Amino acid sequence: MAKQKPIIKMLTYGIHSQWQSKSKELPQVKEFTTDIPAQIDIEFGFIVNIKKARGCKIRYCIDHPGILDDAGNLRAPFDGVVHVTNNDWSFYLGDTIWAPITDKCGQWRMTIELNDRIVADKTFHISQPAKHNEADFWKRVGY
């Protein structure tokens, strides 16, 4: 009997509530967008749901703009491997902005691969918010 093909669906993308790594709860979407203001501690990313892939491994990658480490060297993209733990599994891939903000601005591409094929892909554009719109934006997303 042939193995069923996994079903992958992106459930949310954009600005999310703060992710708690020790919690089983995934962050909640606050605004669907790919335009993210460069604000300290803003959480952004996406949630995917993967069905019929229990036991498989996914590879995730966050390819960020030229973020520097403490020694002034460019950091490599953040990546890793995670096991799909059940047949109806949701996964959050995201990040936050930290100081200094200037090297966080630019395009952040987030991808998830399953069986050596990209199954989720979203590029976020991080930029300094316009001063006159900043207060309205933060009211809109609930900060």
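## Arginine 59 and aspartate 79

In this predicted model, arginine 59 and aspartate 79 form a salt bridge, with 2.6 Å between their closest N and O atoms. The two partners come from distant parts of the chain: arginine 59 belongs to strand E5 (residues 57-63), while aspartate 79 sits in strand E6 (residues 78-83), 20 residues apart.

How accessible are these two residues? Arginine 59 has a relative accessible area of 32%, which makes it partly exposed. Aspartate 79 is partly exposed as well, with a relative accessible area of 37%.

## A second partner for arginine 59

Arginine 59 also meets the side chain of glutamate 113 in a salt bridge, at 3.6 Å from N to O. That distance falls within the 4 Å cut-off, so the pair counts as a salt bridge. Glutamate 113 lies in strand E8 (residues 106-114) and arginine 59 in strand E5, so this pair ties together parts that are 54 residues apart in sequence.

Put these pairs together and you get a network of salt bridges linking Arg59, Asp79 and Glu113.

## Lysine 104 and aspartate 103

Let's turn to another pair. Lysine 104 forms a salt bridge with aspartate 103, and their closest N and O atoms are 2.6 Å apart. Are these residues buried or exposed? Both lysine 104 and aspartate 103 are buried.

## The overall count

How many salt bridges does a search of the whole structure find? The total is 4, including the bridge between arginine 59 and aspartate 79 and the one between lysine 104 and aspartate 103. As a general point, side chains of opposite charge can pair when their charged atoms come close.

Definitions and conventions: Residues are numbered from 1 along each chain as its sequence is written. This is a predicted model: local features need pLDDT of at least 70, side-chain atom pairs count only at pLDDT 80 or more; totals for chains, interfaces and linings use all residues. Side-chain values use heavy atoms; hydrogens and water are left out. Helices (H or I, at least four residues) and strands (E, at least two) are DSSP runs, numbered from the N terminus. Buried means under 20% relative accessible area, exposed over 50%, partly exposed in between (1.4 Å probe, protein chains only).
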